[in-house]
Amino acid sequence: MTAPAHHQAPAPAPYSYVSPIPVRAAHLGDALASEWTKIRSVRSTVWTLGVMILLMLAIGLGVAAIASGADVEMGEQSALAFGFFGMLPASICVITLGVLTISSEYGTGMIRTTLTACPSRARVLTAKAIVFFLLVFSVTTVMAALVAAAQVALVDTAATPTGAEWLRATVGAGAYLALLGLVSLAVGTLVRHSAGAITVMIGVLLLPLVAGMFMMAEALQSVQKFLFTYSIPSQMVALYNDAPQFGDSGPAGWEALLIMAAVAAAALGGAYALLNSRDV
């Protein structure tokens, strides 16, 4: 009776290389680490967020100081509403950073290296979106909270803000700007050109409001009201108020944030579809 044969692994080829580093499949965490390294190491992040911080501080505190010095009667309105004046110019900085987060890679050709290292294009875009959103949300929420506290302290004639108003003026404002940045990231993915995508987003930000100002004809009144109600600056104002700004219709409070979330989801959906269907 013969003994059973023992199966042994084949010996490596004479000149083959066996890496001492364990090899494993890449996952989303690796893409997140890569995108975090990118976004914190480029100068555009420092410049855009730095200018955004300066604008929020200078304009927000400046408007509050003017209102305090002029003894403006606020009625039932809290001083947190002054946060809009710093939020609007800060949105331009967020738009710029959102576009550059991906369009700069198309401009330099770095996107080829990125997609070679991570062939899953959906994973790359998801990592960029998560890292960008968390960074912008954190910075803007902290700055909005600091500015809001200073505004309430400066303006004595305003009403005492409620807890819901504090939450909208800090977390809500930060989330709104971060979602607007995600729309910019999606447009940068679609256009793949920094200047073009930033121009598109500036148009989306300002053109509806400007166009509505010139719609004087009676037949265009409904269109004018729609543009005034749902333009991005109007939604920013609505975020600080519990009632619609234009009659009985239109967003108010958290509804403005939900609208921007829906727009960001639709824009990112289009970005995912085109990113997977076309060449680099």
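Tyr-230 is a good place to start: with a relative accessible area of 35%, this residue is partly exposed. The model we are looking at is a predicted one. Tyr-230 shares helix H8 (residues 221–230) with Phe-226, and the two sit four residues apart, about one turn of the helix. Phe-226 counts as exposed, because its relative accessibility is 51% and the cut-off for that class is over 50%.

**The overall fold**

Stepping back, the protein has 10 helices and zero strands. Read from the N terminus, the order of elements is therefore simply α-α-α-α-α-α-α-α-α-α. The chain has 280 residues, and 41% of them count as buried. If you take the contacts between residues at least 6 apart in sequence, 79% of those join residues at least 24 apart. The accessible surface comes to about 14,700 Å², with 70% of that area belonging to carbon and sulfur atoms.

**Aromatic pairs**

How many aromatic pairs does the count come to? The count comes to four aromatic pairs. One of them joins Phe-133 and Phe-137, whose rings are stacked, at 5.8 Å centre to centre and 5° between the planes. These two residues both belong to helix H5 (residues 121–154), where they are four residues apart, about one turn of the helix. Phe-133 is partly exposed, with a relative accessible area of 23%, and Phe-137 is partly exposed too, with a relative accessible area of 23%. Phe-226 and Tyr-230, the residues we began with, form a tilted pair: their ring centres are 5.0 Å apart and the planes make 40°. Elsewhere, ring pairs link Phe-82, Phe-84 and Phe-85 into a cluster.

**Pocket and cavities**

Now for the empty space. Rolling a probe the size of a water molecule over the atoms shows where such space is left.

The largest pocket holds about 220 Å³ of space. Its lining is made of 14 residues, and those nearest the centre are Lys-38, Val-42, Leu-100, Thr-101 and Ser-104. Helix H1 (28–41), helix H2 (43–69) and helix H3 (83–108) each supply at least two residues of this lining. Which of the elements gives the most to the lining of the largest pocket? That is H3, with five residues.

There are also three cavities of 30 Å³ or more. The largest cavity has a volume of about 90 Å³. H3, H5 and helix H6 (163–191) are the elements that give two or more residues to its lining. H5 provides the largest share, four residues. Among the residues lining the largest cavity are Met-56, Leu-80, Gly-83, Met-87, Ala-144, Gln-151, Ala-173 and Tyr-240.

The two linings can be set side by side by residue class:

| Lining | Nonpolar | Polar | Charged |
|---|---|---|---|
| Largest pocket | five residues | five residues | four residues |
| Largest cavity | nine residues | three residues | no residues |

Taking the helices in turn, H3 is a useful one to follow through the model. H3 contributes to the lining of the largest pocket, and H3 also contributes to the lining of the largest cavity. H5 is worth a second look as well: this helix carries the stacked rings of Phe-133 and Phe-137 and supplies four residues to the lining of the largest cavity.

Terms used:
Residues numbered from 1 in each chain as written. Predicted model: local features only at pLDDT ≥ 70, side-chain atom pairs only at ≥ 80, totals over all residues. Heavy atoms only, no water. 1 Å grid on protein atoms, 1.4 Å probe; cavity = no way out; pocket = protein on both sides within 12 Å on 5 of 7 lines; lining within 4 Å. Points joined across faces, edges and corners; volume = space filled by probe spheres on them. Nonpolar A, V, L, I, M, F, W, Y, C, P; charged D, E, K, R; others polar. Phe/Tyr/Trp six-rings, centres within 6.5 Å; stacked < 30°, edge-to-face > 60°. Buried < 20%, exposed > 50% of the residue type's maximum accessible area, 1.4 Å probe, protein only. Contact = heavy atoms within 4.5 Å. Areas by Shrake-Rupley, 256 points an atom, 1.4 Å probe, with all protein chains shown as cover.
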